[in-house]
Amino acid sequence: MPYPKEYRYTKEHEWVKLENGKARIGITDHAQHQLGDIVYVELPKIGTKVKQMQEFATVESVKAVSPIYAPLSGEVVDVNRELETKPELINQSPHERGWIAIIAPSDLKELDHLLTAEQYEQHIGA
Amino acid sequence: MAVFEFIPNTPEDQRKMLAEIGLSDLEQLFADIPAEVLKKFKPMGLAPMSELEVSRLVGQMAAENAHTQRYVSFLGGGIYDHYIPAIIGHLISRGEFLTCYTPYQAELSQGTLTWMFEFQTMVCELTAMEVANSSMYDGGSALAEAMLMAKNVTGRRRFLVSKSLNPHYRQCLETYAWGAGLELRDVPFTETGQLDRAALQPDEISELAGLIVQTPNFFGVIEDLSGLKDLIKDAFLIVSVNPISLGILAPPGLFGADIVVGEGQPLGIPQSFGGPLLGIFATRMSYVRKMPGRMAGRTVDADGRVGYVMALQTREQHIRREKATSNICTNQALMALCATIYMATLGRRGLRKLAELNLQKAHHLAEKIAALPGFALRFSGPFFNEFVLRTRKKPSRLLKALRDEGFLGGLDLAPYELLDGNNLLVAVTEKRTRDEMDRFVKILKGA
Amino acid sequence: MGTTIFDIGEENRTGLRLPALDVPEKSLTELIPAELIRKEDPKLPQVSQVEVVRHYTKLSRMNYGVDSGIYPLGSCTMKYNPRINEDLARLPGFAHAHPLQGDELSQGALKLMYELGEYLCVIGGMDAITLQPAAGAHGELTGMLLIKKYFERTKELHKRTKILLPDSAHGTNPASAAMCGFEVIPIPSDSRGLVDLNALKAHLDESVAGIMLTNPNTLGLFETDILEITRLIHDVGGFVYYDGANLNAIVGRARPGDMGVDIVHYNLHKTFSTPHGGGGPGAGPVAVVKKLEPYLPVPRIVKNGNKYSLDYERPHSIGKIHSFYGNFGVLVRAYAYIRMMGDEGLKAVSTNAVLNANYLRARLSKVYKAPYDRLCMHEFVLTTKGMSEEIRTLDVAKRLIDYGVHPSSIYFPLIVPEVMMIEPTETVSKEELDYFADALIKVAQEMKENPQILKEAPHAVPIYGASVRRLDEVRAAKEPILRG
């Protein structure tokens with residue numbers, strides 16, 4: 001699966017898509033492949049304030065729990081409720097339908113710390 | 001050099017194995033241990049003993065203890081002399097139950113996983129709760145872990161604890177609370193022996209993580225749980241129970257309990273000088289991911305056959321490490337199997353009948369003793385199979401007289417400093433006969 | 001298949017008749033307020049005794065235990081459970097004694113506990129002990145509470161916030177530390193598979209309350225730097241906690257106390273032969289150096305002349321972690337085992353445990369990859385990484401089941417990817433070791449020639465114990481069904 005060029009990525013395998021000043025967040029195809037069948041997602045509460053790279057959600061497979069780190073500082077304004085009943089969306093469509101949360105970022109300059117698609121692909125050795 | 005029946009290797013076996021490894025001497029296997037450490041080693045000074053000799057030695061130690069085949073027991077206080085059906089010992093001694101471990105390879109452990117599923121179901125039925133785990137260490141630590149779970153879910157640290165809670169459980173709560181930085185506050189009891197609701201202050205409730213109540217409580221008195229959950233709102237109602245009493249008493253789940261725990265020893269487990277016991281733990285399905293302990297879950301295999309696996313392991317310590325819901329790994333599995341077979345054997349009607357026998361006999365004895373001069377029932381509240389007597393004479397004297405006649409008469413409550421005056425806690429189970437009770441009364445009369 | 005006791009039986013069947021009530025019966029509502037009486041009976045089964053026996057007999061036959069064959073789970077020490085221990089624990093003076101019946105009437109029980117405590121102290125090289133913890137993890141919690149109590153008294157608790165944890169430590173260690181409010185600091189292993197001393201030194205300051213380690217570690221390797229590690233921790237005023245899960249490797253010949261540790265827990269259901277029971281009961285006694293003795297849980301068992309008693313007068317004790325004195329029935333079994341083996345026997349245990357593990361390693365590392373190509377102790381690790389594109393360690397484990405043996409531990413410790421952790425113990429014969437090695441070697445061959453047979457394993461061959469094919473754990477996690 002190609003990594004969308006307009007997204008930004010973290011070394012911890014999260015992706016960020018900017019939409020109208022807000023940041024949609026999920027985990028990458030590489031991450032879902034490593035985790036295996038995802039069975040449960042612990043979504044953050046709407047209104048939670050997060051700092052960049054602070055743990056704010058978790059994704060579980062049968063035998064592993066993976067923390068999800070906020071790629072940007074800000075406030076959680078929306079979460080993907082579909083994941084409550086269909087956690088497998090993350091496996092099926094990690095970059096689109098399997099999005100996890102939307103953050104209203106407090107400092108867009110933080111994007112400079114994140115990787116481009118090319119840099120991320122290099123990071124995972126694609 | 002003795003030949004040990006548990007170590008099959010002969011010198012010939014050892015020689016062949018050393019050759020395969022490429023060594024010439026057994027001591028070379030331990031080359032990594034610093035010489036300094038090996039030098040400091042001290043033995044116990046014990047020669048090996050044969051099975052026959054150990055039987056004799058340990059048999060002598062056992063013979064020095066009082067037990068319920070030699071004494072008629074009216075002693076309770078959290079551990080009870082109930083009848084254990086004969087089949088339980090035989091079934092749990094089967095090597096495939098006794099010697100297996102945690103069912104990590106589900107395909108080789110369908111026996112264990114199936115009975116775990118049965119046990120969880122039975123506990124839910126008994127307590128009217130939605131989900132249960134497959135055991136904790138005992139009633140005391142189960143209650144302490146319930147407290148930790150309530151703190152994890154509510155994020156608050158204050159607990160109100162009924163003063164009529166079993167003092168041994170109370171001590172466990174204090175230790176765990178201190179370890180986790182929690183605050184415990186007492187709620188007194190009234191002359192009925194039940195929780196004093198008037199003492200529940202609104203300002204205490206606002207910062208509350210949970211209210212901890214036991215029913216029947218340490219004094220044997222049955223608590224009325226109705227309305228308690230409404231009073232404490234989103235704080236946890238944590239109830240500790242006697243599972244036998246739930247054959248006849250309305251279960252805590254119907255009163256809005258958030259966590260139900262208890263001591264399962266009455267369910268076919270020997271008293272065993274206080275252990276191994278059986279901690280019971282049940283809660284609401286919405287909290288299942290915060291519940292400690294193991295659980296079996298139903299699934300299917302590759303051919304669509306129904307089977308069982310360990311469910312929701314991601315809560316557990318070997319996966320979530322320091323964020324685990326608890327550190328519990330080895331639990332009390334074999335005792336939970338005892339309880340499962342016990343509840344299957346007694347069955348729906350049997351458990352009710354058993355509870356009724358306990359209730360009726362206890363009330364009969366209480367009435368007979370209370371009619372004696374110098375004895376009175378301490379509390380006016382309803383009780384199950386245990387009650388407190390206020391006595392004119394010192395319980396220690398009464399207990400000695402009873403002991404001399406072959407009775408374990410009950411528990412002197414003086415050391416617990418919960419009540420003023422002389423108080424004796426007496427338990428009556430289905431094992432006690434009318435004749436034994438008559439003799440008990442007679443001895444008290446003459447003591 | 002999948003049948004539970006709830007699927008069996010019929011209305012009005014019973015498994016046990018009870019005696020009739022022999023005192024005058026009162027109406028229930030006279031004794032208990034109506035609103036507290038149960039209106040609906042719990043839906044427990046209604047089966048005859050025969051059905052109970054047949055059902056649980058069938059269930060037992062779907063299990064594999066130590067009695068069935070080799071059970072090489074790493075760091076579990078699945079050794080043979082001597083049946084004499086079962087008989088002794090069932091003696092009425094033990095099984096039917098009440099914990100509150102009083103010291104005078106319990107001299108035999110107290111004597112057994114006192115002597116067991118003494119023996120365990122010598123075995124561990126420690127000064128004082130509590131038998132109260134009901135399992136290893138319970139012992140770890142106790143150890144953490146002891147450390148916390150000590151620093152509370154020296155008024156250092158506010159700064160002593162960290163517990164160092166090597167990544168080769170045993171499974172429950174991080175959770176136990178976290179339950180007491182400590183921050184867990186992982187310390188990586190180096191290329192030798194041992195604690196990375198430089199990484200350790202980087203964290204050494206007075207914020208360290210202690211370190212929790214297992215020796216040998218979960219790779220089966222003896223921490224050869226142990227004396228330096230304990231010295232370094234002591235130099236910053238911290239405590240060394242020793243997880244006794246792997247004691248079988250050194251029992252009877254080396255002692256953790258002599259390595260400088262301050263707290264030791266023993267797993268009686270591992271090293272000391274008490275049965276695993278499907279997941280318990282175990283026992284996790286905790287022994288300490290003198291300076292931690294005042295904080296041990298109450299009651300302590302004391303001896304005056306030849307009288308034993310329970311002593312609650314310990315003002316600095318952490319309190320209680322179990323409602324009574326611990327899993328006494330388990331203690332009886334461990335006592336009997338120690339008396340049967342004696343010093344000579346315990347030494348033979350570690351000798352043969354380590355010999356057996358090295359023999360298996362020598363045979364298997366020709367076919368599988370041993371990440372640490374050197375002598376191991378009582379257990380060792382192998383990996384399947386690099387052996388096949390499509391087959392994982394999980395598949396190897398499931399195929400092993402078709403050969404009638406229980407697989408080793410898999411995917412723990414996390415340090416080695418696709419790991420198998422193998423501990424045969426000393427109670428396995430050479431013939432069984434060879435059978436196990438032969439089976440694993442055959443599976444390695446099948447990996448290349450017929451990988452599909454691994455992917456579909458186990459095949460529920462009736463003779464060999466697996467009664468089902470591979471179970472769907474994803475489904476169980478996604479849609480949990482936890483009760484009938």
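Student: What makes the 340 residues of the largest nonpolar core a single core?

Tutor: In this predicted model, the largest nonpolar core has 340 residues. A nonpolar core is a set of buried nonpolar residues joined through C-beta atoms within 7 Å, and therefore these residues are counted together. Met147(B), Cys338(B) and Leu331(C) have the most contacts inside this core. H10(C) gives the most to the core, with 22 residues.

Student: Which residues does Cys338(B) touch, not counting those up to four places away in sequence?

Tutor: Cys338(B) touches Ile88(B), Ile92(B), Leu267(B), Gly268(B) and Ile269(B).

Student: How do you know that chain C is in contact with chain B?

Tutor: Two residues are in contact if their C-beta atoms lie within 7 Å. By that criterion, 170 residues of chain C are in contact with 169 residues of chain B. Helix H10 of chain C, residues 328–364, supplies the largest share of the side of chain C that touches chain B, with 20 residues. By class, that side of chain C has 91 nonpolar, 49 polar and 30 charged residues.

Student: Why are two domains named in chain B?

Tutor: Domain bounds come from an automatic or database assignment, which for chain B gives domain 1 (72–83 + 349–446) and domain 2 (86–342). Their C-alpha centres lie 28 Å apart.

Student: How many residues of domain 1 of chain B are in contact with domain 2 of chain B?

Tutor: In chain B, 24 residues of domain 1 are in contact with 24 residues of domain 2. H12(B) gives the largest share of the domain 1 side, seven residues. By class, that side of domain 1 has 15 nonpolar, five polar and four charged residues.

Terms used: Residues are numbered from 1 along each chain as its sequence is written. Chains are lettered from A and ligands numbered from 1 in the order in which they are written. This is a predicted model: local features need pLDDT of at least 70, side-chain atom pairs count only at pLDDT 80 or more; totals for chains, interfaces and linings use all residues. Helices (H or I, at least four residues) and strands (E, at least two) are DSSP runs, numbered from the N terminus. Ala, Val, Leu, Ile, Met, Phe, Trp, Tyr, Cys and Pro count as nonpolar, Asp, Glu, Lys and Arg as charged, and the others, Gly among them, as polar. A residue is buried if 20 or more other C-beta atoms lie within 10 Å of its own, exposed if 12 or fewer, and partly exposed in between; C-beta atoms are placed from the backbone.
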